[in-house]
Amino acid sequence: MDFLTSLSESTQFVLQLIVVLGCLFYGAKKGGMALGILGGIGLVILVFAFRMQPGKPAVDVILTILAVVVASATLQATGGLDVMLQMAEKALRKHPKFVCYLAPICGWTLTVLCGTGHTVYTLLPIIYDVSIKSGIRPERPLAATTVSSQLAIIASPVSVAGVSMVAVLLGTGTSIEGFSSYLDLLKVTIPSTFLGMLAIGTYSIFRGKDLDKDPEFQAKIADPEQKKYIYGSEGVKSFIGVKLPRVQWNAMWIFLAAIALVAVLGYYKQLRPSWTSNVPGKSIEILVDKKAVKTINVKDGQVVAMVDNSQISQDVKDNKVKNNTKFNSVEIYGKDKKLTQSVVSQDGNVVITTGDKSETINSAVISVKDTFKKTSPLDMVSTIQIFMLLAAAIMMIYSGIKSAKIAQNEIFHSGMVALVAIYGISWMADTMFHAHIEMLKNSLGAVMVAYPWTYIIVGMLISKFLNSQAAAAATFVPLAVQIGVDPGIIIAFATACYGYFILPTYPSDLAAIQFDRSGTTHIGKYVINHSFIIPGFIGVFSSCFFGWILASAYGFVN
(Lines give C-alpha, C1' and ligand atoms only; values in the text may rest on other atoms or scores of the structure.)
Protein backbone atom coordinates (compact mmCIF):
# COMPACT_ATOMS: atom_id res chain seq x y z
CA MET A 1 0.00 0.00 0.00
CA ASP A 2 3.04 2.27 -0.27
CA PHE A 3 1.60 3.58 -3.53
CA LEU A 4 -1.30 5.25 -1.70
CA THR A 5 0.81 6.75 1.08
CA SER A 6 3.27 8.19 -1.48
CA LEU A 7 0.56 10.33 -3.08
CA SER A 8 0.25 14.02 -2.22
CA GLU A 9 -1.88 14.89 0.81
CA SER A 10 -4.57 16.56 -1.30
CA THR A 11 -4.84 13.48 -3.55
CA GLN A 12 -5.05 11.19 -0.54
CA PHE A 13 -7.73 13.43 0.97
CA VAL A 14 -9.85 13.23 -2.20
CA LEU A 15 -9.53 9.42 -2.36
CA GLN A 16 -10.36 9.08 1.32
CA LEU A 17 -13.36 11.40 0.93
CA ILE A 18 -14.62 9.15 -1.89
CA VAL A 19 -14.31 6.15 0.46
CA VAL A 20 -16.20 7.93 3.25
CA LEU A 21 -18.94 9.20 0.91
CA GLY A 22 -19.26 5.76 -0.67
CA CYS A 23 -19.88 4.21 2.75
CA LEU A 24 -22.38 6.96 3.58
CA PHE A 25 -24.39 6.71 0.38
CA TYR A 26 -24.50 2.91 0.38
CA GLY A 27 -25.37 2.96 4.08
CA ALA A 28 -28.16 5.45 3.35
CA LYS A 29 -29.49 3.13 0.68
CA LYS A 30 -29.50 0.14 3.05
CA GLY A 31 -30.91 2.24 5.91
CA GLY A 32 -30.93 1.81 9.68
CA MET A 33 -27.78 0.46 11.33
CA ALA A 34 -26.10 -0.01 7.96
CA LEU A 35 -24.70 3.54 8.21
CA GLY A 36 -22.68 2.59 11.26
CA ILE A 37 -21.80 -0.94 10.17
CA LEU A 38 -20.35 0.27 6.88
CA GLY A 39 -18.04 2.53 8.87
CA GLY A 40 -16.06 -0.67 9.45
CA ILE A 41 -15.27 -0.91 5.73
CA GLY A 42 -14.17 2.71 5.66
CA LEU A 43 -11.96 2.25 8.73
CA VAL A 44 -10.21 -0.80 7.27
CA ILE A 45 -9.38 1.12 4.08
CA LEU A 46 -8.26 4.28 5.92
CA VAL A 47 -6.17 2.48 8.56
CA PHE A 48 -4.68 -0.44 6.63
CA ALA A 49 -4.49 0.97 3.09
CA PHE A 50 -3.69 4.62 3.85
CA ARG A 51 -1.85 3.84 7.15
CA MET A 52 -3.87 6.44 9.02
CA GLN A 53 -3.88 6.39 12.81
CA PRO A 54 -7.40 5.53 14.00
CA GLY A 55 -9.32 8.43 15.46
CA LYS A 56 -11.65 8.18 18.42
CA PRO A 57 -15.32 7.25 18.26
CA ALA A 58 -17.56 9.81 19.96
CA VAL A 59 -17.76 7.81 23.21
CA ASP A 60 -19.10 10.65 25.40
CA VAL A 61 -21.70 11.45 22.76
CA ILE A 62 -22.76 7.81 22.44
CA LEU A 63 -23.03 7.24 26.20
CA THR A 64 -24.99 10.44 26.78
CA ILE A 65 -27.42 9.66 23.96
CA LEU A 66 -27.76 6.16 25.44
CA ALA A 67 -28.66 7.60 28.86
CA VAL A 68 -31.17 10.06 27.38
CA VAL A 69 -32.75 7.38 25.17
CA VAL A 70 -33.06 4.98 28.13
CA ALA A 71 -34.76 7.69 30.22
CA SER A 72 -37.11 8.66 27.36
CA ALA A 73 -37.90 4.99 26.61
CA THR A 74 -38.68 4.46 30.29
CA LEU A 75 -40.93 7.52 30.20
CA GLN A 76 -42.81 5.92 27.29
CA ALA A 77 -42.93 2.49 28.95
CA THR A 78 -44.38 3.94 32.17
CA GLY A 79 -47.00 5.93 30.25
CA GLY A 80 -45.56 9.33 31.14
CA LEU A 81 -45.11 10.14 27.47
CA ASP A 82 -48.82 9.43 26.90
CA VAL A 83 -49.63 12.38 29.18
CA MET A 84 -47.56 14.71 26.98
CA LEU A 85 -49.10 13.23 23.84
CA GLN A 86 -52.62 13.69 25.24
CA MET A 87 -51.93 17.39 25.73
CA ALA A 88 -50.51 17.64 22.21
CA GLU A 89 -53.44 15.76 20.65
CA LYS A 90 -55.99 17.97 22.40
CA ALA A 91 -54.34 21.06 20.93
CA LEU A 92 -54.12 19.52 17.45
CA ARG A 93 -57.70 18.25 17.30
CA LYS A 94 -59.13 21.43 18.82
CA HIS A 95 -57.45 23.61 16.19
CA PRO A 96 -56.92 21.37 13.12
CA LYS A 97 -56.63 24.31 10.70
CA PHE A 98 -53.47 25.41 12.53
CA VAL A 99 -51.84 21.98 12.36
CA CYS A 100 -48.88 23.34 10.32
CA TYR A 101 -47.93 25.46 13.33
CA LEU A 102 -49.21 23.34 16.23
CA ALA A 103 -47.65 20.04 15.05
CA PRO A 104 -44.07 21.38 14.79
CA ILE A 105 -44.55 23.24 18.10
CA CYS A 106 -45.49 19.93 19.74
CA GLY A 107 -42.52 18.13 18.14
CA TRP A 108 -40.14 20.94 19.12
CA THR A 109 -41.42 20.98 22.71
CA LEU A 110 -41.13 17.20 23.15
CA THR A 111 -37.50 17.29 21.99
CA VAL A 112 -36.57 20.24 24.23
CA LEU A 113 -38.08 18.44 27.23
CA CYS A 114 -36.79 14.94 26.45
CA GLY A 115 -33.45 15.67 24.77
CA THR A 116 -34.11 13.37 21.82
CA GLY A 117 -36.05 13.74 18.59
CA HIS A 118 -37.12 10.10 18.75
CA THR A 119 -40.15 11.06 20.88
CA VAL A 120 -41.84 12.29 17.70
CA TYR A 121 -42.76 8.80 16.42
CA THR A 122 -45.88 8.42 18.55
CA LEU A 123 -47.00 11.92 17.52
CA LEU A 124 -46.78 11.35 13.75
CA PRO A 125 -49.89 9.10 13.36
CA ILE A 126 -51.98 11.70 15.23
CA ILE A 127 -50.66 14.51 13.00
CA TYR A 128 -51.50 12.49 9.89
CA ASP A 129 -55.01 11.69 11.13
CA VAL A 130 -55.74 15.33 12.02
CA SER A 131 -54.42 16.72 8.74
CA ILE A 132 -55.96 14.22 6.32
CA LYS A 133 -59.40 14.53 7.95
CA SER A 134 -59.14 18.32 7.82
CA GLY A 135 -58.35 18.29 4.10
CA ILE A 136 -54.77 19.47 4.71
CA ARG A 137 -51.92 17.96 2.73
CA PRO A 138 -50.22 15.64 5.32
CA GLU A 139 -46.76 16.38 3.92
CA ARG A 140 -47.01 19.93 5.28
CA PRO A 141 -47.23 19.23 9.04
CA LEU A 142 -45.40 15.87 8.96
CA ALA A 143 -42.20 17.17 7.34
CA ALA A 144 -42.34 20.35 9.41
CA THR A 145 -42.65 18.33 12.62
CA THR A 146 -39.79 15.88 11.99
CA VAL A 147 -37.44 18.71 10.99
CA SER A 148 -38.50 20.90 13.95
CA SER A 149 -38.03 18.02 16.39
CA GLN A 150 -34.41 17.63 15.24
CA LEU A 151 -33.81 21.39 15.10
CA ALA A 152 -34.73 21.55 18.81
CA ILE A 153 -31.99 19.16 19.97
CA ILE A 154 -29.43 21.96 20.41
CA ALA A 155 -32.03 23.81 22.54
CA SER A 156 -32.57 21.01 25.07
CA PRO A 157 -31.08 21.22 28.60
CA VAL A 158 -30.10 17.54 28.26
CA SER A 159 -28.67 17.82 24.75
CA VAL A 160 -25.19 16.33 24.41
CA ALA A 161 -24.68 18.44 21.26
CA GLY A 162 -24.96 21.67 23.26
CA VAL A 163 -22.91 20.34 26.16
CA SER A 164 -20.13 19.24 23.75
CA MET A 165 -20.11 22.67 22.11
CA VAL A 166 -19.84 24.55 25.41
CA ALA A 167 -17.22 22.12 26.78
CA VAL A 168 -15.00 22.73 23.74
CA LEU A 169 -15.43 26.52 23.81
CA LEU A 170 -14.70 26.87 27.53
CA GLY A 171 -12.18 23.99 27.67
CA THR A 172 -9.85 25.59 25.11
CA GLY A 173 -9.50 28.70 27.24
CA THR A 174 -11.58 30.72 24.77
CA SER A 175 -12.65 34.03 26.27
CA ILE A 176 -16.22 35.09 25.46
CA GLU A 177 -17.51 38.04 27.43
CA GLY A 178 -20.66 37.11 29.34
CA PHE A 179 -20.53 33.44 28.27
CA SER A 180 -19.71 31.08 31.12
CA SER A 181 -22.13 28.15 31.18
CA TYR A 182 -24.41 25.90 29.16
CA LEU A 183 -27.44 28.07 30.00
CA ASP A 184 -25.78 30.97 28.17
CA LEU A 185 -25.95 28.84 25.02
CA LEU A 186 -29.61 27.99 25.69
CA LYS A 187 -30.39 31.73 25.89
CA VAL A 188 -29.54 31.77 22.18
CA THR A 189 -30.67 28.36 20.96
CA ILE A 190 -34.13 28.12 22.59
CA PRO A 191 -35.56 31.34 21.05
CA SER A 192 -33.65 30.99 17.76
CA THR A 193 -34.81 27.41 17.09
CA PHE A 194 -38.37 28.30 18.14
CA LEU A 195 -38.43 31.15 15.62
CA GLY A 196 -36.84 28.86 13.03
CA MET A 197 -39.59 26.34 13.69
CA LEU A 198 -42.24 29.04 13.12
CA ALA A 199 -40.55 29.90 9.80
CA ILE A 200 -40.85 26.23 8.79
CA GLY A 201 -44.54 26.24 9.75
CA THR A 202 -45.20 29.38 7.71
CA TYR A 203 -43.58 27.85 4.61
CA SER A 204 -45.46 24.58 5.14
CA ILE A 205 -48.86 26.27 4.98
CA PHE A 206 -48.27 27.13 1.33
CA ARG A 207 -46.17 24.17 0.12
CA GLY A 208 -47.49 21.61 -2.34
CA LYS A 209 -50.89 21.40 -3.97
CA ASP A 210 -54.07 21.37 -1.91
CA LEU A 211 -55.48 17.83 -1.83
CA ASP A 212 -58.58 18.79 -3.84
CA LYS A 213 -56.31 20.20 -6.58
CA ASP A 214 -53.75 17.38 -6.61
CA PRO A 215 -54.52 15.09 -9.57
CA GLU A 216 -52.30 12.29 -8.25
CA PHE A 217 -54.08 12.25 -4.89
CA GLN A 218 -57.51 12.50 -6.52
CA ALA A 219 -56.66 9.51 -8.71
CA LYS A 220 -55.81 7.49 -5.60
CA ILE A 221 -59.03 8.21 -3.72
CA ALA A 222 -61.07 7.41 -6.83
CA ASP A 223 -60.47 3.80 -5.80
CA PRO A 224 -62.83 3.08 -2.83
CA GLU A 225 -60.33 0.70 -1.21
CA GLN A 226 -57.54 3.25 -1.46
CA LYS A 227 -59.78 5.99 -0.10
CA LYS A 228 -60.71 3.83 2.88
CA TYR A 229 -57.02 3.10 3.50
CA ILE A 230 -55.97 6.76 3.21
CA TYR A 231 -58.76 8.17 5.39
CA GLY A 232 -58.88 5.28 7.85
CA SER A 233 -57.75 5.53 11.47
CA GLU A 234 -55.94 2.20 11.66
CA GLY A 235 -52.85 2.36 13.83
CA VAL A 236 -53.85 5.73 15.30
CA LYS A 237 -53.98 5.59 19.08
CA SER A 238 -56.13 8.46 20.32
CA PHE A 239 -55.93 9.81 23.89
CA ILE A 240 -58.97 12.07 23.62
CA GLY A 241 -61.45 11.31 26.42
CA VAL A 242 -59.05 8.85 28.08
CA LYS A 243 -58.43 9.37 31.80
CA LEU A 244 -54.81 8.52 32.36
CA PRO A 245 -53.89 7.03 35.76
CA ARG A 246 -52.03 9.13 38.33
CA VAL A 247 -48.95 6.90 38.06
CA GLN A 248 -48.47 8.07 34.45
CA TRP A 249 -48.76 11.73 35.44
CA ASN A 250 -46.25 11.23 38.24
CA ALA A 251 -43.84 9.46 35.89
CA MET A 252 -43.94 12.53 33.66
CA TRP A 253 -43.26 14.84 36.64
CA ILE A 254 -40.32 12.67 37.73
CA PHE A 255 -38.80 12.97 34.26
CA LEU A 256 -39.36 16.73 34.05
CA ALA A 257 -37.92 17.18 37.56
CA ALA A 258 -34.71 15.45 36.41
CA ILE A 259 -34.52 17.80 33.40
CA ALA A 260 -34.99 20.81 35.70
CA LEU A 261 -32.26 19.57 38.04
CA VAL A 262 -29.83 19.20 35.13
CA ALA A 263 -30.59 22.77 34.05
CA VAL A 264 -30.03 24.11 37.59
CA LEU A 265 -26.76 22.18 37.96
CA GLY A 266 -25.65 23.47 34.57
CA TYR A 267 -26.09 27.06 35.71
CA TYR A 268 -24.84 26.76 39.29
CA LYS A 269 -21.46 25.00 39.04
CA GLN A 270 -20.97 25.24 42.81
CA LEU A 271 -23.80 22.73 43.33
CA ARG A 272 -21.79 20.06 41.52
CA PRO A 273 -19.06 18.13 43.38
CA SER A 274 -15.51 19.14 42.42
CA TRP A 275 -12.06 17.60 42.60
CA THR A 276 -8.54 18.99 42.55
CA SER A 277 -5.90 17.46 40.28
CA ASN A 278 -2.54 18.28 38.72
CA VAL A 279 -2.78 19.29 35.06
CA PRO A 280 -0.02 19.95 32.47
CA GLY A 281 1.14 23.56 32.34
CA LYS A 282 3.47 25.93 34.11
CA SER A 283 2.88 27.06 37.68
CA ILE A 284 5.03 30.08 38.58
CA GLU A 285 5.14 30.44 42.35
CA ILE A 286 6.43 33.40 44.35
CA LEU A 287 7.85 31.95 47.57
CA VAL A 288 8.40 33.72 50.87
CA ASP A 289 10.04 31.53 53.54
CA LYS A 290 9.41 28.53 51.25
CA LYS A 291 5.65 29.22 51.20
CA ALA A 292 3.80 30.24 48.04
CA VAL A 293 2.26 33.69 48.48
CA LYS A 294 1.27 34.12 44.82
CA THR A 295 0.80 31.63 42.01
CA ILE A 296 0.54 32.32 38.27
CA ASN A 297 -0.87 29.39 36.28
CA VAL A 298 -0.09 29.31 32.56
CA LYS A 299 -2.10 26.90 30.38
CA ASP A 300 -0.88 27.79 26.88
CA GLY A 301 1.99 29.57 25.20
CA GLN A 302 5.68 29.68 26.05
CA VAL A 303 7.79 30.44 29.10
CA VAL A 304 11.29 31.97 28.84
CA ALA A 305 13.23 31.72 32.11
CA MET A 306 16.70 32.84 33.22
CA VAL A 307 18.83 30.79 35.65
CA ASP A 308 22.32 32.16 36.42
CA ASN A 309 22.52 33.95 33.05
CA SER A 310 21.37 30.81 31.18
CA GLN A 311 18.14 31.15 29.19
CA ILE A 312 15.58 28.33 29.15
CA SER A 313 12.80 28.51 26.54
CA GLN A 314 10.08 25.89 26.55
CA ASP A 315 6.45 25.38 25.67
CA VAL A 316 4.11 25.53 28.62
CA LYS A 317 3.38 21.79 28.56
CA ASP A 318 7.03 20.66 28.30
CA ASN A 319 8.28 18.80 31.37
CA LYS A 320 11.86 20.02 31.76
CA VAL A 321 11.92 22.02 34.98
CA LYS A 322 14.13 20.66 37.77
CA ASN A 323 12.76 20.81 41.28
CA ASN A 324 14.10 23.47 43.68
CA THR A 325 15.52 25.59 40.84
CA LYS A 326 15.53 29.31 41.74
CA PHE A 327 14.96 31.52 38.71
CA ASN A 328 16.27 35.04 38.12
CA SER A 329 13.37 35.93 35.82
CA VAL A 330 10.45 34.42 33.94
CA GLU A 331 8.73 35.85 30.85
CA ILE A 332 5.33 34.51 29.81
CA TYR A 333 4.28 34.59 26.15
CA GLY A 334 0.79 33.84 24.81
CA LYS A 335 -0.11 31.59 21.90
CA ASP A 336 0.39 34.60 19.60
CA LYS A 337 4.03 34.82 20.90
CA LYS A 338 3.41 38.23 22.49
CA LEU A 339 4.76 38.97 25.98
CA THR A 340 1.88 38.97 28.46
CA GLN A 341 3.64 38.98 31.84
CA SER A 342 7.14 39.08 33.36
CA VAL A 343 8.39 38.02 36.79
CA VAL A 344 11.85 39.34 37.79
CA SER A 345 13.97 38.82 40.91
CA GLN A 346 15.65 42.08 41.99
CA ASP A 347 17.71 42.59 45.18
CA GLY A 348 15.94 39.78 47.01
CA ASN A 349 12.49 40.96 45.95
CA VAL A 350 10.21 39.78 43.10
CA VAL A 351 8.61 42.26 40.68
CA ILE A 352 5.59 41.07 38.66
CA THR A 353 4.77 43.19 35.59
CA THR A 354 1.56 42.89 33.58
CA GLY A 355 1.20 45.54 30.88
CA ASP A 356 1.84 48.90 32.53
CA LYS A 357 1.10 47.62 36.05
CA SER A 358 3.65 46.12 38.43
CA GLU A 359 3.60 44.49 41.86
CA THR A 360 6.54 43.94 44.23
CA ILE A 361 6.76 41.10 46.75
CA ASN A 362 9.57 41.55 49.30
CA SER A 363 12.04 38.86 50.37
CA ALA A 364 10.80 36.42 47.77
CA VAL A 365 12.16 33.94 45.21
CA ILE A 366 10.76 32.54 41.95
CA SER A 367 9.94 28.85 41.48
CA VAL A 368 8.49 27.13 38.39
CA LYS A 369 6.66 23.81 38.33
CA ASP A 370 5.58 21.65 35.39
CA THR A 371 2.04 21.15 36.65
CA PHE A 372 -0.50 23.22 38.51
CA LYS A 373 -3.45 22.30 40.63
CA LYS A 374 -6.84 22.77 39.06
CA THR A 375 -10.19 22.33 40.76
CA SER A 376 -12.89 21.21 38.34
CA PRO A 377 -16.58 20.49 39.00
CA LEU A 378 -18.33 17.40 37.69
CA ASP A 379 -18.66 17.92 33.94
CA MET A 380 -22.11 18.35 32.37
CA VAL A 381 -21.78 15.25 30.16
CA SER A 382 -21.50 13.06 33.28
CA THR A 383 -24.20 15.12 35.04
CA ILE A 384 -26.69 14.46 32.24
CA GLN A 385 -25.87 10.75 32.17
CA ILE A 386 -26.23 10.39 35.96
CA PHE A 387 -29.58 12.18 36.20
CA MET A 388 -31.08 10.51 33.14
CA LEU A 389 -30.24 7.08 34.57
CA LEU A 390 -31.59 8.24 37.95
CA ALA A 391 -34.86 9.39 36.34
CA ALA A 392 -35.21 6.06 34.52
CA ALA A 393 -34.57 4.12 37.72
CA ILE A 394 -37.09 6.10 39.80
CA MET A 395 -39.78 5.87 37.09
CA MET A 396 -39.24 2.12 36.70
CA ILE A 397 -39.34 1.43 40.46
CA TYR A 398 -42.28 3.76 41.12
CA SER A 399 -44.46 2.46 38.28
CA GLY A 400 -43.56 -1.19 38.87
CA ILE A 401 -43.03 -1.98 35.17
CA LYS A 402 -40.75 -4.81 34.08
CA SER A 403 -37.42 -3.63 32.69
CA ALA A 404 -37.96 -5.72 29.53
CA LYS A 405 -40.83 -3.40 28.57
CA ILE A 406 -38.43 -0.48 28.20
CA ALA A 407 -36.55 -2.18 25.36
CA GLN A 408 -39.75 -2.91 23.42
CA ASN A 409 -40.88 0.58 22.40
CA GLU A 410 -40.13 2.82 19.41
CA ILE A 411 -37.91 5.28 21.26
CA PHE A 412 -35.52 2.59 22.52
CA HIS A 413 -35.36 0.79 19.18
CA SER A 414 -34.80 3.94 17.12
CA GLY A 415 -32.29 5.28 19.64
CA MET A 416 -30.20 2.10 19.50
CA VAL A 417 -30.22 2.16 15.70
CA ALA A 418 -29.04 5.78 15.78
CA LEU A 419 -26.27 4.88 18.26
CA VAL A 420 -24.83 2.21 15.98
CA ALA A 421 -24.89 4.66 13.07
CA ILE A 422 -23.12 7.34 15.12
CA TYR A 423 -20.53 4.85 16.41
CA GLY A 424 -19.27 3.70 13.01
CA ILE A 425 -19.62 6.99 11.16
CA SER A 426 -18.09 9.22 13.85
CA TRP A 427 -15.07 6.91 14.18
CA MET A 428 -14.49 6.82 10.44
CA ALA A 429 -14.93 10.60 10.02
CA ASP A 430 -12.74 11.45 13.03
CA THR A 431 -9.96 9.27 11.60
CA MET A 432 -10.06 11.14 8.31
CA PHE A 433 -10.52 14.73 9.53
CA HIS A 434 -7.84 14.62 12.22
CA ALA A 435 -5.25 13.21 9.83
CA HIS A 436 -5.67 16.30 7.62
CA ILE A 437 -6.32 18.95 10.26
CA GLU A 438 -3.39 21.17 9.21
CA MET A 439 -4.44 21.07 5.56
CA LEU A 440 -8.03 21.89 6.53
CA LYS A 441 -6.80 24.80 8.67
CA ASN A 442 -4.84 26.24 5.76
CA SER A 443 -7.59 25.74 3.18
CA LEU A 444 -10.67 26.58 5.26
CA GLY A 445 -9.25 28.98 7.83
CA ALA A 446 -9.00 32.17 5.77
CA VAL A 447 -12.33 31.53 4.03
CA MET A 448 -14.31 30.87 7.23
CA VAL A 449 -12.78 33.83 9.05
CA ALA A 450 -13.48 36.18 6.11
CA TYR A 451 -16.95 34.75 5.39
CA PRO A 452 -18.46 33.56 8.70
CA TRP A 453 -21.63 32.26 7.01
CA THR A 454 -19.54 29.46 5.46
CA TYR A 455 -19.43 27.97 8.98
CA ILE A 456 -23.10 27.05 8.47
CA ILE A 457 -22.43 25.21 5.20
CA VAL A 458 -19.42 23.27 6.50
CA GLY A 459 -21.20 22.45 9.77
CA MET A 460 -24.24 21.05 7.96
CA LEU A 461 -22.10 18.92 5.65
CA ILE A 462 -20.10 17.46 8.55
CA SER A 463 -23.38 16.78 10.36
CA LYS A 464 -24.56 14.83 7.32
CA PHE A 465 -21.32 12.86 7.28
CA LEU A 466 -21.70 11.97 10.96
CA ASN A 467 -25.52 11.69 11.05
CA SER A 468 -25.50 13.23 14.53
CA GLN A 469 -25.60 16.77 15.88
CA ALA A 470 -23.62 15.77 18.96
CA ALA A 471 -20.89 14.04 16.95
CA ALA A 472 -20.78 17.02 14.55
CA ALA A 473 -20.36 19.45 17.46
CA ALA A 474 -17.65 17.29 19.05
CA THR A 475 -15.76 17.02 15.72
CA PHE A 476 -16.28 20.39 14.01
CA VAL A 477 -16.26 22.91 16.88
CA PRO A 478 -12.66 22.10 17.99
CA LEU A 479 -11.55 22.36 14.34
CA ALA A 480 -13.35 25.72 13.95
CA VAL A 481 -11.70 27.08 17.12
CA GLN A 482 -8.25 25.99 15.88
CA ILE A 483 -8.90 27.55 12.45
CA GLY A 484 -9.63 30.88 14.12
CA VAL A 485 -13.42 31.18 13.75
CA ASP A 486 -14.87 33.76 16.16
CA PRO A 487 -16.33 31.75 19.13
CA GLY A 488 -19.33 34.09 19.06
CA ILE A 489 -20.10 32.92 15.52
CA ILE A 490 -20.00 29.30 16.71
CA ILE A 491 -22.58 30.16 19.39
CA ALA A 492 -24.75 32.19 16.99
CA PHE A 493 -24.72 29.43 14.36
CA ALA A 494 -25.14 26.56 16.84
CA THR A 495 -28.00 25.06 14.79
CA ALA A 496 -25.58 24.50 11.88
CA CYS A 497 -24.78 21.14 13.52
CA TYR A 498 -28.11 19.87 12.07
CA GLY A 499 -27.62 18.92 8.44
CA TYR A 500 -28.59 15.26 8.16
CA PHE A 501 -31.92 16.24 6.60
CA ILE A 502 -30.01 16.74 3.32
CA LEU A 503 -30.44 13.04 2.55
CA PRO A 504 -33.64 11.38 3.83
CA THR A 505 -31.91 8.72 5.92
CA TYR A 506 -32.79 9.70 9.47
CA PRO A 507 -35.29 7.36 11.22
CA SER A 508 -37.83 10.11 12.04
CA ASP A 509 -37.92 11.25 8.40
CA LEU A 510 -38.43 7.69 7.20
CA ALA A 511 -41.15 7.22 9.84
CA ALA A 512 -43.02 10.29 8.54
CA ILE A 513 -42.99 8.81 5.03
CA GLN A 514 -44.27 5.50 6.39
CA PHE A 515 -47.11 7.06 8.41
CA ASP A 516 -48.30 9.21 5.48
CA ARG A 517 -50.69 6.81 3.75
CA SER A 518 -51.64 9.54 1.25
CA GLY A 519 -48.12 9.40 -0.25
CA THR A 520 -47.64 13.19 -0.17
CA THR A 521 -44.57 12.89 2.12
CA HIS A 522 -42.07 11.27 -0.18
CA ILE A 523 -38.55 10.78 -1.53
CA GLY A 524 -38.23 12.06 -5.09
CA LYS A 525 -36.77 10.39 -8.15
CA TYR A 526 -33.35 11.97 -7.56
CA VAL A 527 -33.35 11.21 -3.78
CA ILE A 528 -32.23 14.76 -2.97
CA ASN A 529 -35.67 16.15 -3.97
CA HIS A 530 -37.55 14.90 -0.91
CA SER A 531 -40.11 16.40 1.45
CA PHE A 532 -37.67 17.44 4.20
CA ILE A 533 -34.92 19.32 2.38
CA ILE A 534 -36.57 22.75 1.98
CA PRO A 535 -38.02 22.82 5.54
CA GLY A 536 -34.58 21.76 6.77
CA PHE A 537 -32.76 24.60 4.99
CA ILE A 538 -35.38 27.12 6.10
CA GLY A 539 -35.16 25.95 9.71
CA VAL A 540 -31.35 25.96 9.93
CA PHE A 541 -30.75 29.23 8.05
CA SER A 542 -33.50 31.15 9.85
CA SER A 543 -32.39 29.80 13.26
CA CYS A 544 -28.80 30.83 12.50
CA PHE A 545 -30.02 34.28 11.48
CA PHE A 546 -31.99 34.74 14.71
CA GLY A 547 -29.10 33.18 16.65
CA TRP A 548 -26.73 35.78 15.21
CA ILE A 549 -29.07 38.60 16.27
CA LEU A 550 -29.36 37.20 19.81
CA ALA A 551 -25.64 36.41 20.18
CA SER A 552 -24.82 39.94 19.03
CA ALA A 553 -27.33 41.40 21.50
CA TYR A 554 -25.76 39.41 24.36
CA GLY A 555 -22.29 40.59 23.30
CA PHE A 556 -21.00 37.12 22.35
CA VAL A 557 -20.10 38.11 18.75
CA ASN A 558 -17.11 40.43 18.31
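Let's start where two helices touch: in α14, Val247, Asn250, Ala251, Ile254, Phe255, Ala258, Ile259, Leu261, Val262, Leu265 and Gly266 meet a set of residues in α15, namely Met380, Thr383, Ile384, Phe387, Met388, Ala391, Ile394, Met395, Tyr398 and Ser399. Sorted by character, the residues of this contact come out as 17 nonpolar, four polar and no charged. Keep in mind as you look around that this is a predicted model.

Now step back to see how the two helices lie. Helix α14 covers residues 246-267 and helix α15 covers residues 380-399; their axes are 10 Å apart and make an angle of about 165°. Angles over 145 degrees count as roughly antiparallel, and therefore α14 and α15 are roughly antiparallel to each other. Their crossing is right-handed.

From the helices, let's move on to a sheet. This one is open and has three strands, in the order β2-β1-β9, with antiparallel pairing. The edges are taken by β2 (291-298) and β9 (365-377); each has a single partner strand, so one side of each is left without a neighbour in the sheet. On average, and ignoring direction, neighbouring strands here are turned by 45° against each other.

What holds strands together in a sheet? Strands pair through backbone hydrogen bonds, in either a parallel or an antiparallel way. In this sheet, strand β1 (residues 274-288) runs antiparallel to β9, and 12 bridges join the two. For one pair to find in the structure, look at Val279: its bridge partner in β9 is Phe372.

Note on methods: Residues numbered from 1 in each chain as written. Predicted model: local features only at pLDDT ≥ 70, side-chain atom pairs only at ≥ 80, totals over all residues. Heavy atoms only, no water. Axes fitted to C-alpha atoms, helices over the stretch in contact; angles between N-to-C directions. Helix = DSSP H or I, 4+ residues; strand = E, 2+ residues; numbered from the N terminus. Parallel < 35°, antiparallel > 145°, perpendicular 65-115°, else oblique. Left-handed = near helix turned anticlockwise from the far one by under 90°. Contact = heavy atoms within 4.5 Å. Nonpolar A, V, L, I, M, F, W, Y, C, P; charged D, E, K, R; others polar. Pairing = 2+ DSSP bridges.
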